[in-house]
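Ready for a walk through this structure? Open it in your viewer and keep the selection tool at hand.

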Amino acid sequence: MNKVIVIGGGASGMLAAIIAAREGADVTLIEKNEKLGKKIYITGKGRCNLTNDCDRDTFFANVTENPKFMYSAYAAFDKDALLSLLSEGGLKTKTERGGRVFPVSDHASDVTGALKRLLDREKVEVLLNTEVGELLTQDLTIKGVRLTNGNTYNCDRVILCTGGLSYPSTGSDGFGLKAAKALGLKVTDTAPSLVPFNAKESYVKELQGLAPRNVSVKVLNRKNKVIFEEFGEMLFTHFGVSGPLMLSASSVCNKAIREEELKLLIDFKPAIDEATLDKRLLRIFDENKNKALKNSINSLMPASMIPVVIELAGIDPEKKVNEISKGERNAIVSVLKAFPVTLTSLRGYNEAIITRGGISVKEVNPKTMETKQIKGLFVAGEVLDVDALTGGFNLQIAWSTGYLAGLNAAQ
């Protein structure tokens, strides 16, 4: 019977421990926090968007970094296999817009609860408030782990599921990346991802709290090349822009924004063209002939947007509607169809859902999740250089890689 130690009690770690034990291994799961699944509790705003109920092609279209590495893992353990396993643990799920899967209860704690029941059923030993300080090897083979308190545990296999650097309050301190480097494994450059943007313009702050639902956005580089384009919902904050659309943009624009400022153009009226929007504006003006511009367009946009749009259009807000020229009208239309924001940088790891970068996929056998250099060392989850857009795809990466690691570590 193989003795397997799993380091990290997050999504990939719990899944790996359950599967390794089910396959007959003697499994110990070591977690430095006071409870398991700390990051799961905060995903999906505390509801836990645990996977995406999409077909294989859609899944891979949403994996932005090293999708080919995931072929074997997803084939071995896809969303149907995950939902079946969680159902064994007593979790009921539902599917919402965009294929996002949540617990029926809307409580992330129920996902962790189901995994805990499965860990108990498979008799996995769980050590909480316990921190690993070093991986022990001999002749490029795993021999055990040394805890920060000096105690050592011998084992045949180690599964490293320590996450990246995002949300450090959940325990993601980069230990796994440091441990991998110490053993000579290549670790790619890391950066916050699925994270809000900082913006330059002061008027963005005036729109704080505004959360338009059906907008189309484009992000352009210095050469005016479109590097991201999508439709959905976003959020204005005191520092810049956030919300699902912008989090996805941060994944695609991650490298570009580290090299230069980017231009964001927001189309607040994507369902209609400029000519149709102009006709609508004319109708509004006809109905409000003697009103000041600032008091006449509230049917077209939220109140907080009015002063900003009028300023960007270069019109006096007190000007009577019946005095506004065609050129000024066109300026309002242009602002609503291509609202400009300068993106200066990404926010930090404290606000990042995931970490871009990690242990290079070239160091890992994609069919087993065992590292090629160190025999008996397996890796899974966010510690790997694989990531995806929002919508449950990153958690599915964690589940699928955790499954393969657990399966093969037990054998």
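Before the tour begins, one term: two strands count as paired if DSSP finds at least two bridges between them. Keep in mind as well that this is a predicted model.

**The whole protein**

Start with everything in view. The protein has 411 residues, of which 56% count as buried. Colour by secondary structure, and you can look for 13 helices and 22 strands. Along the principal axes, the C-alpha atoms fill a box of roughly 85 × 40 × 35 Å. Take the contacts between residues at least 6 apart in sequence: 73% of these join residues at least 24 apart.

**Stop 1: the sheet S3-S6-S5**

Select strands S3, S6 and S5, which form an open, antiparallel sheet in that order. Strand S3 (51–52) and strand S5 (93–95) are its edge strands, and each pairs on one side only.

Now zoom in on S5 and on strand S6, residues 100–103. How many bridges join S5 to S6? There are three, and the two strands run antiparallel. To see one facing position, select threonine 95, which stands opposite valine 101 in S6.

**Stop 2: lysine 94**

Stay in strand S5 and select lysine 94, which is found there. Is lysine 94 buried, partly exposed or exposed? With a relative accessible area of 25%, lysine 94 is partly exposed, because values between 20% and 50% fall in that class.

Next, add valine 104 to the selection. Lysine 94 and valine 104 are ten residues apart in sequence, and their C-alpha atoms are 5.4 Å apart in space. To see what else surrounds lysine 94, set aside its neighbours within four places in sequence; the residues in contact with lysine 94 are then Arg47, Arg100, Val101, Phe102, Pro103, Val104 and Asp106.

**Stop 3: lysine 45**

Move to the loop between strand S2 (26–30) and S3, where you will find lysine 45. Check its backbone: lysine 45 is not a glycine, yet its phi is positive, at about 55°. Lysine 45 is exposed, and its relative accessible area is 84%.

**Stop 4: the sheet S8-S9-S10**

Select strands S8, S9 and S10. They make an open sheet of three strands in that order, with antiparallel pairing. Why is one side of S8 and of S10 left without a neighbour in the sheet? Strand S8 (132–138) and strand S10 (152–154) stand at the edges and each has a single partner strand, so one side of each stays free of a sheet neighbour. Direction ignored, neighbouring strands of this sheet are turned by 25° against each other on average.

Look next at strand S9, residues 141–147: three bridges join S9 to S10, and the two run antiparallel. Pick arginine 146 and follow its bridge to threonine 152, the partner in S10.

**Stop 5: aspartate 139**

Between S8 and S9 there is a loop, and aspartate 139 lies in it. Aspartate 139 is a residue other than glycine with a positive phi, near 50°. Its side of the picture is completed by the accessibility: aspartate 139 is exposed, with a relative accessible area of 68%.

**Stop 6: helices H1 and H5**

Two packed helices are described by the angle between their axes and the distance between the axes. Select helix H1 (residues 11–22) and helix H5 (residues 109–121), which pack at about 25° with axes 9 Å apart. That angle makes H1 roughly parallel to H5, and H1 passes H5 in a left-handed crossing.

Show the side chains where they touch: H1 contributes Met14, Leu15, Ala17, Ile18 and Arg22, while H5 contributes Thr112, Leu115, Leu118 and Leu119. By type, the residues of this contact divide into seven nonpolar, one polar and one charged.

**Stop 7: helices H11 and H12**

For the last stop, select helix H11 (residues 305–313) and helix H12 (residues 326–337). What is the angle between them? They pack at about 120°, with their axes 9 Å apart. H11 is therefore oblique to H12, and H11 passes H12 in a right-handed crossing.

Display Met305, Val309, Leu312 and Ala313 in H11, which meet Ala331, Ile332, Val335 and Leu336 in H12. The residues of the contact of H11 with H12 divide into eight nonpolar, no polar and no charged.

Technical notes:
Residues numbered from 1 in each chain as written. Predicted model: local features only at pLDDT ≥ 70, side-chain atom pairs only at ≥ 80, totals over all residues. Heavy atoms only, no water. Helix = DSSP H or I, 4+ residues; strand = E, 2+ residues; numbered from the N terminus. Axes fitted to C-alpha atoms, helices over the stretch in contact; angles between N-to-C directions. Parallel < 35°, antiparallel > 145°, perpendicular 65-115°, else oblique. Left-handed = near helix turned anticlockwise from the far one by under 90°. Contact = heavy atoms within 4.5 Å. Nonpolar A, V, L, I, M, F, W, Y, C, P; charged D, E, K, R; others polar. Buried < 20%, exposed > 50% of the residue type's maximum accessible area, 1.4 Å probe, protein only.
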